[in-house]
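Please work through the following exercises with the sequence and the model at hand. Attempt each task before reading its solution.

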Amino acid sequence: MDLDDAPAVPFLGDALPLVASDPRWIAVALDDLDAVHADHLHCERKAAQSALSLIRSYPERSGLVAAMARLAHDETRHVVQVAQLMAKRDQTASYDHGDDYAKALRDHIRKREPERLLDRLLVFAVIEARSAERLRLLADALADPKVAALYDSLAIAEVRHRDVFLSLARDAAPTTWRARAVELAAIETAILVDHPIAARIH
Ligand SMILES: [Fe+2]
Ligand SMILES: [Fe+2]
């Protein structure tokens with residue numbers, strides 16, 4: 001199947017049953033694109049750092065090391081692309097003031113191994129899936145065709161990253177990963193309900 005023919009909302013797949021974003025989010029985002037891009041730059045940076053942090057923690061897992069090295073490379077390219085977009089808009093980057101959404105998810109990562117590895121992989125899969133959904137919403141709504149095309153390519157990449165994390169989770173915990181993915185998807189729903197709708201990726 002050609003990537004362009006992929007379902008528009010594959011993040012609703014059975015392994016990670018996330019709910020759709022509040023329909024008000026896209027209007028809030030379009031109303032302050034500078035804020036969205038400023039946040040997005042740091043999302044991509046943090047995604048690269050998270051992938052590299054897994055290499056630091058699990059160097060003995062060669063499949064994980066190779067996958068995370070490639071993923072960090074992708075995310076770093078995304079940082080370049082978002083920085084270039086911001087430069088075209090005469091927008092400078094700003095400090096990262098934190099991400100309550102990601103922090104709330106990370107609070108559910110269990111402390112002891114091997115559960116810790118599974119939870120880190122699944123939390124990253126959730127963040128990739130939510131990012132993919134919102135980048136897709138932006139791609140479909142942005143008026144500038146070049147910027148929309150950029151967001152289309154980024155949304156496709158984040159879906160692929162979600163699946164990289166899910167397949168690593170499956171390899172790490174073949175009998176328990178599906179049940180834990182469902183649990184974390186429900187946790188993410190509860191976090192989103194509590195989370196303000198803002199001009200940010202999360
Ligand atoms: Fe990315
Ligand atoms: Fe990603």
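The exercises below concern a predicted model, and each task is followed by a worked solution.

**Exercise 1. The site of the iron ion (ligand 1)**

Task: Determine which residues coordinate the iron ion (ligand 1) and how their arrangement is classified.

Solution.
Step 1. The donors come from Glu44 (OE), Glu75 (OE), His78 (ND1) and Glu158 (OE), at 2.0 to 2.2 Å.
Step 2. Along the chain these donors follow the spacing E-x30-E-x2-H-x79-E.
Step 3. His78 belongs to helix H3 and Glu158 to helix H6, so this pair ties together parts that are 80 residues apart in sequence.
Step 4. For four donors to count as tetrahedral, all angles must lie between 85 and 135 degrees. The four donor atoms here subtend angles of 93 to 140°, which makes the arrangement irregular.
Step 5. Buried means under 20% relative accessible area. His78, with a relative accessible area of 3%, is therefore buried, and Glu158, at 3%, counts as buried.

**Exercise 2. The site of the iron ion (ligand 2)**

Task: Describe the coordination of the iron ion (ligand 2) and state which residue coordinates both iron ions.

Solution.
Step 1. Glu75 (OE), Glu128 (OE), Glu128 (OE), Glu158 (OE) and His161 (ND1) coordinate this ion, at 1.9 to 2.5 Å. Glu128 is listed with OE twice.
Step 2. The spacing of the donors along the chain is E-x52-E-x29-E-x2-H.
Step 3. The iron ion (ligand 2) and the iron ion (ligand 1) are 3.5 Å apart, and Glu75 coordinates both.
Step 4. Glu128 is found in helix H5 (residues 115-141) and His161 in helix H6 (residues 145-172), so the pair ties together parts that are 33 residues apart in sequence.
Step 5. Glu128 counts as buried at 7% relative accessibility, and His161 is buried with a relative accessible area of 1%.

**Exercise 3. Backbone features in two loops**

Task: Locate Pro114 and Asp90, and state what is notable about the backbone at each.

Solution.
Step 1. Pro114 lies in the loop between helix H4 (100-106) and H5. The peptide bond that joins Glu113 to Pro114 is cis, with omega near 5°.
Step 2. Asp90 lies in the loop between helix H3 (62-88) and H4. Although Asp90 is not a glycine, its phi is positive, about 55°.
Step 3. Exposed means over 50% relative accessible area. Asp90, at 74%, is therefore exposed.

**Exercise 4. The largest pocket**

Task: Give the volume of the largest pocket and characterise its lining.

Solution.
Step 1. The pocket holds about 520 Å³ of space.
Step 2. It is lined by 28 residues, of which Lys46, Ser50, Arg106, Phe124 and Ile127 are the closest to its centre.
Step 3. Helix H2 (33-57), H3, H4, H5 and H6 each give two or more residues to the lining. The largest share, nine residues, comes from H2.
Step 4. The lining divides into eleven nonpolar, six polar and eleven charged residues.

**Exercise 5. Salt bridges**

Task: State how many salt bridges are counted, and examine the one between Asp34 and Arg89 and the one between Arg110 and Asp119.

Solution.
Step 1. The count comes to 17 salt bridges.
Step 2. In the bridge of Asp34 with Arg89, the closest N and O atoms are 2.8 Å apart. This pair links distant parts of the chain, with Asp34 in helix H2 and Arg89 in the loop between H3 and H4, 55 residues apart.
Step 3. Arg110 and Asp119 meet in a salt bridge at 2.7 Å, N to O. Arg110 is partly exposed at 35%, whereas Asp119 counts as buried at 0%.
Step 4. Arg110, Asp119, Arg180 and Glu183 are linked in a network of salt bridges.

Key. Residues numbered from 1 in each chain as written. Chains lettered and ligands numbered in written order. Predicted model: local features only at pLDDT ≥ 70, side-chain atom pairs only at ≥ 80, totals over all residues. Heavy atoms only, no water. Donors = N, O, S within 2.8 Å, 3.2 Å for Na, K, Ca; no water. Helix = DSSP H or I, 4+ residues; strand = E, 2+ residues; numbered from the N terminus. Buried < 20%, exposed > 50% of the residue type's maximum accessible area, 1.4 Å probe, protein only. Tetrahedral: all angles 85-135°; square planar, octahedral: opposite > 155°, others 65-115°. 1 Å grid on protein atoms, 1.4 Å probe; cavity = no way out; pocket = protein on both sides within 12 Å on 5 of 7 lines; lining within 4 Å. Points joined across faces, edges and corners; volume = space filled by probe spheres on them. Nonpolar A, V, L, I, M, F, W, Y, C, P; charged D, E, K, R; others polar. Salt bridge = Lys/Arg side-chain N within 4 Å of Asp/Glu carboxyl O.
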